[in-house]
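Q: I should like to learn how to read the features of a protein model. Could we take them in turn, with the structure in view?

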Amino acid sequence: MALSYLQRHSIVEKLKTNHYDLLIVGGGITGAGIALDASARGLKTALVEKSDFTFGTSSRSTKLIHGGLRYLKQLEFGLVKEVGSERAVVHQLAPHLVVPEKMLLPLHEKRGFGSLLTSFGLKLYDFLAGVKPEDQRKMLTRNQTLHQEPLLRKDDVKGGAIYAEYRTDDARLTIEIIKSAAQHGAEVLNYCKVLRFLYQEGRVVGATVREEISGEEFEIKSRSVVNAAGPWVDELRQLDGSKQGKHLHLTKGVHLVVAKEKLPVKQAIYFDVEEDGRMIFAIPRGRTTYIGTTDTNYNGNKEEVHATSEDVAYLLRAINQTFPGVNITNADIESSWAGLRPLINEEGKSASELSRKDEIFEAPSGLLSIAGGKLTGYRKMAERVLDQLISRTFSNRKLSDCATHKITLYGSDFKNYNEVKRFIASITDRLKSRQLPEGYANYLVGNYGKQTELILDDLQAGDADVELAKAEMRFTLQHEMVCNSLDFFVRRTGMLYFDKPRMRSVLEAVLLEFKVKMNWGDEQVTTERSIVDKALAGVIDFQ
Ligand code: FAD
């Protein structure tokens, strides 16, 4: 299976002519998970995404596969049990991409929970999630906590805890699930927007879509449709005339990125903000540390979500109060991102009190919409949608049971995490022979897993760093349906967030490679360059 930009034409032809069992709207983690589950069960499946895959929330999260410790505070035991248990499952499915990360939780003199309550809470957290004994939480004394993280404010820390979580890259996880769905026979297309639904005797039977690159409109016929449009779920329900009763409540979350030397935390840390008691993360990643998140109500433009100067001031205050020696200012911020949580509205509840549980809405037309939920729970959400869909529409068909807990994701051909580490070591050796920085091995294997070999096999002679970026670009064009430079720099490599210096140094070469591979004229290259420049400036422009 090659999910290649160069095959868009043939995918469009199939979408026009085939008759599907299921059409999924939305190429975020929710749609991706449903596409994989549906195609693996034997349903003829199509998925369309109006922008690039993962354009919405699924490239803008905190990038953790976590059980949501704070949901214990809200007594959401069912949610914690489900997403907590899912962590180990998703790690097994993609051990290079969902990586164990011990989290430090400092305890403070004058705020937050006491040691006893924290100790019990974390024990319950481990118990609900079935965490292996060797990974279970460890309580720390004051000295141990300060040794673990010397940057913490000394007069305020009274102890701490270490507990197990996993970190990931949300966009990479989603794209590998989409590729795995395509491998199981799903037809998937980005830059293809659902404009309206098709009906037969009041039942939804497909959609009219617009392929956004050519502007061509066509119909996709399908026995059933699932709306997995994240923050846009209500717009599609409106198109269907079924936006009644419950509706979405969007909240915005912002993350800031600084160079690691500016905030050199030794490990991921989850701490409470002095001024309001909310919990936020500081997470090391490659040459950077990122900080977040905020949680505020949002009613603005969903296509362009940005961090404001207020968001930035809040996060910087929180960081500088917790790590008093670091003195981070606006000038230290290298990048940022902002995403929208598609939560279900609950009257009278504030942004951070809203439940993260997913819900399925079934419309009279048969349209199933799913919203709420977490990146971490994507597999179980998909299973619930498919179970409901099959019982309503395909009960007379002999379909397989849900098997996504056994379907290793694309590029994840590793038995366990130790094998990933050995693979990283072998890639390090290959990189050395081309005088490439050793640190790239973690980045490449974390991003592409076993597919790193395909990229390195395609490395041409010349400046190794530039050639590597060009090889990555060719790979993502041929295998991941990259259609433009931001797809590559934001949602396939994360360079806009985590490695702006490298992005700047390879930019011209990558644009030229796009020009050659995609037959762009000079004008197109100029347009792309200005889009990238705007994005580079936009991630540090806080209005
Ligand atoms: P999206 O990713 O937004 O996907 C929906 C897609 O539908 C979009 O790409 C959109 O372009 C497309 N679409 C919309 N309309 C149309 C149309 N008409 N035609 C075609 N396509 C359309 N969860 C975790 O487990 N761990 C975390 O660390 C975490 N951190 C978070 C931090 C923040 C700040 C936020 C906001 C969320 C976080 N979450 C986390 C939650 C998680 O990211 C979301 O629940 C998840 O990404 C939602 O995915 P989705 O597929 O439902 O929506």
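A: Let us begin with a term: a residue is buried when its relative accessible area is under 20%, exposed when it is over 50%, and partly exposed in between. The model before us is a predicted one.

Q: Is Asp358 buried or exposed?
A: Asp358 has a relative accessibility of 15%, so Asp358 counts as buried.

Q: With which residue does Asp358 form a salt bridge?
A: A salt bridge requires a side-chain nitrogen of Lys or Arg within 4 Å of a carboxyl oxygen of Asp or Glu. Here the partner of Asp358 is Arg384, and the closest N and O atoms are 2.9 Å apart. Asp358 lies in the loop between strand E16 (333–344) and strand E17 (359–362), whereas Arg384 belongs to helix H10 (residues 378–393), so the pair ties together parts that are 26 residues apart in sequence. Arg384 is partly exposed, with a relative accessible area of 31%.

Q: How many salt bridges are there by this rule?
A: The count comes to 52 salt bridges. Another of them joins Glu419 to Lys450, with the closest N and O atoms 3.9 Å apart. Glu419 sits in helix H11 (residues 417–433) and Lys450 in the loop between helix H12 (440–448) and helix H13 (452–457), so this pair ties together parts that are 31 residues apart in sequence. Glu419 is buried at a relative accessible area of 19%, while Lys450, at 24%, counts as partly exposed.

Q: Over the face of which rings does Lys450 lie?
A: Lys450 lies over the face of Phe414, at 4.6 Å from the ring centre. Lys450 also lies over the face of Phe423, at 5.6 Å from the ring centre.

Q: Is Asp522, which forms a salt bridge with Lys515, buried or exposed?
A: Asp522 is exposed, with a relative accessible area of 53%. The closest N and O atoms of Asp522 and Lys515 are 2.6 Å apart, and Lys515 is partly exposed at 24%. Elsewhere, salt bridges that share partners join Asp52, Arg172, Glu176, Lys179, Glu480, Asp487, Arg491 and Arg492 into one network.

Q: How should one read a pair of aromatic rings?
A: Such a pair is described by the distance of the centres and the angle of the planes. The rings of Tyr125 and Tyr163 have centres 5.8 Å apart and planes at 80°, so this pair is edge-to-face. Tyr125 is in helix H5 (residues 115–129) and Tyr163 in strand E6 (residues 157–167), 38 residues apart. Tyr125 is buried at 1% relative accessibility, and Tyr163 is buried with a relative accessible area of 1%. Tyr270 and Phe281, by contrast, form a stacked pair, 4.2 Å centre to centre with 10° between the planes.

Q: How many aromatic pairs are there?
A: There are 13 aromatic pairs. Ring pairs also link Tyr290, Trp337, Tyr497 and Phe498 into a cluster.

Q: How are cavities found, and what lines the largest cavity?
A: Rolling a probe the size of a water molecule over the atoms shows where empty space is left. There are 3 cavities of 30 Å³ or more, and the largest holds about 50 Å³ of space. The largest cavity is lined by 13 residues, with Lys63, Asp169, Ala171, Val490 and Gly494 nearest its centre. By class, this lining has 4 nonpolar, 3 polar and 6 charged residues. Helix H7 (170–183), helix H15 (485–492) and helix H16 (495–498) each supply at least two residues of the lining.

Conventions. Residues numbered from 1 in each chain as written. Predicted model: local features only at pLDDT ≥ 70, side-chain atom pairs only at ≥ 80, totals over all residues. Heavy atoms only, no water. Helix = DSSP H or I, 4+ residues; strand = E, 2+ residues; numbered from the N terminus. Buried < 20%, exposed > 50% of the residue type's maximum accessible area, 1.4 Å probe, protein only. 1 Å grid on protein atoms, 1.4 Å probe; cavity = no way out; pocket = protein on both sides within 12 Å on 5 of 7 lines; lining within 4 Å. Points joined across faces, edges and corners; volume = space filled by probe spheres on them. Nonpolar A, V, L, I, M, F, W, Y, C, P; charged D, E, K, R; others polar. Phe/Tyr/Trp six-rings, centres within 6.5 Å; stacked < 30°, edge-to-face > 60°. Lys NZ or Arg CZ within 6 Å of the ring centre and 35° of its normal.
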